[in-house]
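Trainee: Could you take me through one part of this model up close? I'd like to hear about the aromatic rings, but I have a quick question about a helix end as well.

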Amino acid sequence: MAKKKQNIAQEALTECEVLVMKVIWEGDEVMSIQEITSQINLKYKKDWKLQTVSTFLGRAVRKGYLEMKRNGRSFDYYPLVTEEEYGRREIVKCVEDWGNGSLGNLVASFAETGKLSAEERKHIRRMLDDMD
């Protein structure tokens with residue numbers, strides 16, 4: 001089933017909902033709740049039950065990130081928003097929230113905390129030079 005392109009939902013995902021979405025983004029295009037639960041428990045070392053995952057899936061559906069389709073007695077889930085779209089939205093939000101709207105401020109704050117290695121700084125410089 002082809003992914004639908006739509007405007008990204010306005011309401012942010014919780015950390016648990018992001019884990020669910022990451023499994024779906026990394027998996028097949030359409031996944032059942034059993035597949036999603038199995039992958040989350042394996043990959044993220046969780047012990048979530050189907051009901052727990054169902055709650056997170058329902059929230060992601062209501063927020064507009066997923067769609068569900070009946071498949072016999074169960075449902076299949078597929079993403080309406082790509083991982084790249086969500087990632088870009090989160091980066092923009094991070095710049096707005098923590099960089100006061102300036103990417104430079106955000107990068108500078110990383111540099112000030114010592115979180116950027118010399119190699120990362122070189123890489124950023126190369127990327128900026130390539131933009132010219």
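Which residue just after α5 takes a positive phi?

Mentor: That's G114, with a phi of about 75°. Keep in mind that this is a predicted model. While we're at α5, look at the other end too: S102 caps the N-terminal end of this helix, which covers residues 103-113. A side-chain oxygen of S102 lies 3.3 Å from the backbone nitrogen of G104.

Now for the rings. A pair of aromatic rings is described by how far apart the centres are and by the angle of the planes. Here the count comes to three aromatic pairs. One of them is W25 with Y86, a tilted pair at 5.9 Å centre to centre with 35° between the planes. That pair links distant parts of the chain: W25 sits in helix α1 (residues 15-26) and Y86 in helix α4 (residues 83-98), 61 residues apart. Both W25 and Y86 are buried. Y65 comes into the picture as well, since ring pairs link W25, Y65 and Y86 into a cluster.

Then have a look at W48 and F56, which also form a tilted pair, 5.1 Å centre to centre with 55° between the planes. Are those two buried or exposed? W48 counts as buried because its relative accessibility is 14%, and the cut-off for buried is under 20%. F56 is buried too, with a relative accessible area of 11%.

Technical notes. Residues are numbered from 1 along each chain as its sequence is written. This is a predicted model: local features need pLDDT of at least 70, side-chain atom pairs count only at pLDDT 80 or more; totals for chains, interfaces and linings use all residues. Side-chain values use heavy atoms; hydrogens and water are left out. Rings of Phe, Tyr and Trp (its six-membered ring) pair if their centres lie within 6.5 Å; planes under 30 degrees apart count as stacked, over 60 as edge-to-face and the rest as tilted. Helices (H or I, at least four residues) and strands (E, at least two) are DSSP runs, numbered from the N terminus. Buried means under 20% relative accessible area, exposed over 50%, partly exposed in between (1.4 Å probe, protein chains only). A polar contact is a pair of N or O atoms within 3.5 Å; within protein, one must be able to donate a hydrogen and the other to accept it, and residues adjacent in sequence count only if both atoms are side-chain atoms.
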